[in-house]
Amino acid sequence: VTKEDYLARVYSMPPRFGSISKAYITQDDVVQQANSIGTNTANPLALNLYILSYDENKNLTITNETTKQNLRQYINQYRMLTDAINIRNGFVVNIGVDFDVLTLPGSNAKEVLFNVIKVVRDFFQIDKWQFNQPIMLPSLTAQMDQVDGVQTITNLTIKNNVNPVNGYSGAIYNIENATHNNIIYPSLDPMIWEIKYPDKDIRGKVIG
């Protein structure tokens with residue numbers, strides 16, 4: 001049974017047992033009891049399965065314990081006897097996007113800004129993102145530049161939103177240090193980017 005097989009089983013679990021929205025599997029020969037469900041014995045064949053679910057607003061959230069237990073029982077039907085599968089919580093890094101847009105002469109600045117924000121929202125639409133996926137800034141900028149009326153996009157900044165009081169995950173990530181050659185790389189720990197509140201976390205300004 002391959003890692004891809006296990007992931008396929010995770011996503012095909014019947015809805016009555018709960019729902020897993022994001023999953024990532026990796027090998028680990030040291031099982032950390034604090035973050036896992038199931039076997040706590042070190043096993044060189046252990047597989048760590050990181051999962052997250054959606055809440056009622058389609059924001060990423062920690063999967064509830066009942067669903068985790070149902071998932072364990074479900075995939076136990078398919079796992080090899082030598083495999084030890086540890087179910088763990090994935091990490092969510094909440095982000096915001098700030099940018100300036102220089103519009104072409106004669107264009108409707110408000111309309112252009114609205115359409116650029118729409119492009120950013122679509123780029124970060126959560127269904128498109130998986131664990132450990134980097135943010136390719138040139139790809140984002142290119143799509144923003146293609147909006148009618150845009151002359152250029154400047155001062156594009158991705159920031160980490162962390163305050164749990166405001167509903168964010170609380171995960172702190174140094175985006176500046178993780179950025180190389182206009183690519184924002186994820187951490188070694190399985191994580192996924194999320195713009196939790198697009199209406200306030202995507203902010204653009206027309207200049208010129």
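Q: Contact means heavy atoms within 4.5 Å. With that in hand, what share of the contacts with a separation of 6 or more comes from residues 24 or more positions apart?
A: In this predicted model, the share is 72%. The chain is built from 5 helices and 11 strands, and 41% of its 208 residues are buried.

Q: How do you know how far to trust the model, going by pLDDT?
A: The average over the protein is 90, and 88% of the residues score at least 70. Residues 30-41 are another story: their pLDDT is below 50, although the stretch has 26 contacts in the model beyond near neighbours in sequence. Where pLDDT is low, coordinates like these should not be read in detail.

Q: What makes up the largest nonpolar core, and which residues have the most contacts inside it?
A: That core has 37 residues, and the ones with the most contacts inside it are Ile-95, Phe-99, Phe-124, Ile-135, Ile-158 and Trp-193. Strands E2, E5, E7 and E10 each give two or more residues to this core, and so do helices H3 and H4. There is also a second, separate core of 14 residues, with Ala-23, Tyr-74, Ile-75 and Ile-85 among them.

Q: Which residues does Phe-124 touch, not counting those up to four places away in sequence?
A: Phe-124 touches Ile-95, Val-97, Trp-129, Ile-135, Leu-140, Ile-158 and Ile-195.

Q: How do you know that the length of H3 agrees with what its 15 residues should span?
A: Take 1.5 Å a residue, and the expected span comes to 21 Å; the end C-alpha atoms of H3 are 21 Å apart, so the two agree. At the start of this helix, a side-chain oxygen of Asn-108 comes within 3.1 Å of the backbone nitrogen of Lys-110.

Q: Which residues of H3 are buried, and what puts them on the same side?
A: The buried ones are Val-112, Leu-113, Val-116, Val-119, Val-120 and Phe-123. They share a side because their arc around the axis is only 120°. In general, an α-helix has 3.6 residues a turn, so residues three or four places apart point the same way. What covers the buried residues of H3 includes E5, E6, H4, E7 and E11. Over on the other side, Lys-110, Phe-114 and Lys-118 are exposed.

Q: Why is Thr-103 called buried?
A: Its relative accessible area is 15%, and buried means under 20%, so Thr-103 makes the cut. This residue lies in strand E5. Leaving out residues up to four places away, Thr-103 touches Ala-109, Val-112, Gly-149, Gln-151, Val-206 and Ile-207.

Q: Why does Arg-121 count as partly exposed?
A: Arg-121 sits in helix H3 and has 37% relative accessibility. Since buried stops under 20% and exposed starts over 50%, Arg-121 falls in between. Its contacts, leaving aside neighbours within four places in sequence, are Pro-198, Asp-199 and Ile-202. Arg-121 and Pro-198 are 77 residues apart in sequence, yet their C-alpha atoms are 6.6 Å apart in space.

Q: What makes Asn-182 partly exposed?
A: Asn-182 has 48% relative accessibility, and exposed needs over 50%, so partly exposed is the right label. You'll find Asn-182 in the loop between strands E8 and E9. Beyond neighbours within four places, Asn-182 is in contact with Ile-135, Met-136, Leu-137 and Pro-138. From Asn-182 to Pro-138 it's 44 residues in sequence and 6.6 Å in space, C-alpha to C-alpha.

Conventions: Residues are numbered from 1 along each chain as its sequence is written. This is a predicted model: local features need pLDDT of at least 70, side-chain atom pairs count only at pLDDT 80 or more; totals for chains, interfaces and linings use all residues. Side-chain values use heavy atoms; hydrogens and water are left out. A nonpolar core is a set of buried Ala, Val, Leu, Ile, Met, Phe, Trp, Tyr and Cys residues joined through side-chain atoms within 4.5 Å. Buried means under 20% relative accessible area, exposed over 50%, partly exposed in between (1.4 Å probe, protein chains only). Helices (H or I, at least four residues) and strands (E, at least two) are DSSP runs, numbered from the N terminus. pLDDT is the predictor's confidence in each residue, from 0 to 100. The expected span of a helix is 1.5 Å times one less than its number of residues. The arc is that of the directions from the helix axis to the C-beta atoms. A polar contact is a pair of N or O atoms within 3.5 Å; within protein, one must be able to donate a hydrogen and the other to accept it, and residues adjacent in sequence count only if both atoms are side-chain atoms.
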